[in-house]
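Dear colleague,

I am passing on to you the model we spoke of, together with some notes on the charged side chains. Please have the coordinates open while you read.

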Amino acid sequence: MATFRFDLVSPEKLAFSGEVDQVDIPGMEGDFGVLAGHAPVVAAVRPGILTITAAGAQQKVIVLGGLAEMSEKGLTVLADVATSTADIDRARFAEVIAEMEAKLAEKAGSELDNAIERLDHFKSIQHELSATAMH
């Protein structure tokens, strides 16, 4: 399988840099996979789990929004936050979700809609983390 260059960058660190077989990205318009030779594209990234496949191994990274750009140089994802699922404190993540739920009553209008959408993304991540833990 052909490989391509992939860089995952967050404000805190370079989370990943190297040759990969495939990257699956949680996009705002839907999840999508990138392989070598993918057409150039710029896409918004929603909170979710990004999957990196390299040399037959998979690495899963939680991203909390950002931007993905595929060019002739490869794929770059600029993530607001990028944390390996292996490094996540699942109990603390559950607490964050509970705090988000508690604060919903304080919101109204489009602010409420945005808070609900973000909460749904976090719950989706939590669900995938739970499913991953069972395998």
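What follows is a short account of the salt bridges in this structure, which is a predicted model.

With a distance limit of 4 Å between a side-chain nitrogen of Lys or Arg and a carboxyl oxygen of Asp or Glu, the count comes to 5 salt bridges, and I describe some of them here.

One of them pairs Asp-31 with Arg-46, whose closest N and O atoms are 2.6 Å apart. Because Asp-31 sits in the loop between β3 (22-25) and β4 (32-35) while Arg-46 belongs to strand β5 (residues 41-54), this pair ties together parts that are 15 residues apart in sequence. The two partners also stand on opposite sides of the accessibility classes, for Asp-31 is exposed at 56% relative accessibility, whereas Arg-46, with a relative accessible area of 15%, is buried.

The helix α1 (residues 90-103) holds another pair, Glu-95 and Arg-92, which lie 3 residues apart, or about one turn of the helix; their closest N and O atoms are separated by 3.1 Å in the salt bridge that they form. Arg-92 forms a salt bridge with Glu-99 as well, and there the closest N and O atoms are 3.3 Å apart. Through these shared partners, Arg-92, Glu-95 and Glu-99 are joined into one network. As for exposure, Glu-95 is partly exposed at a relative accessible area of 41%, Arg-92 is partly exposed at 37%, and Glu-99 is likewise partly exposed, at 37% relative accessibility.

With best regards

How values were computed
Residues are numbered from 1 along each chain as its sequence is written. This is a predicted model: local features need pLDDT of at least 70, side-chain atom pairs count only at pLDDT 80 or more; totals for chains, interfaces and linings use all residues. Side-chain values use heavy atoms; hydrogens and water are left out. Helices (H or I, at least four residues) and strands (E, at least two) are DSSP runs, numbered from the N terminus. Buried means under 20% relative accessible area, exposed over 50%, partly exposed in between (1.4 Å probe, protein chains only).
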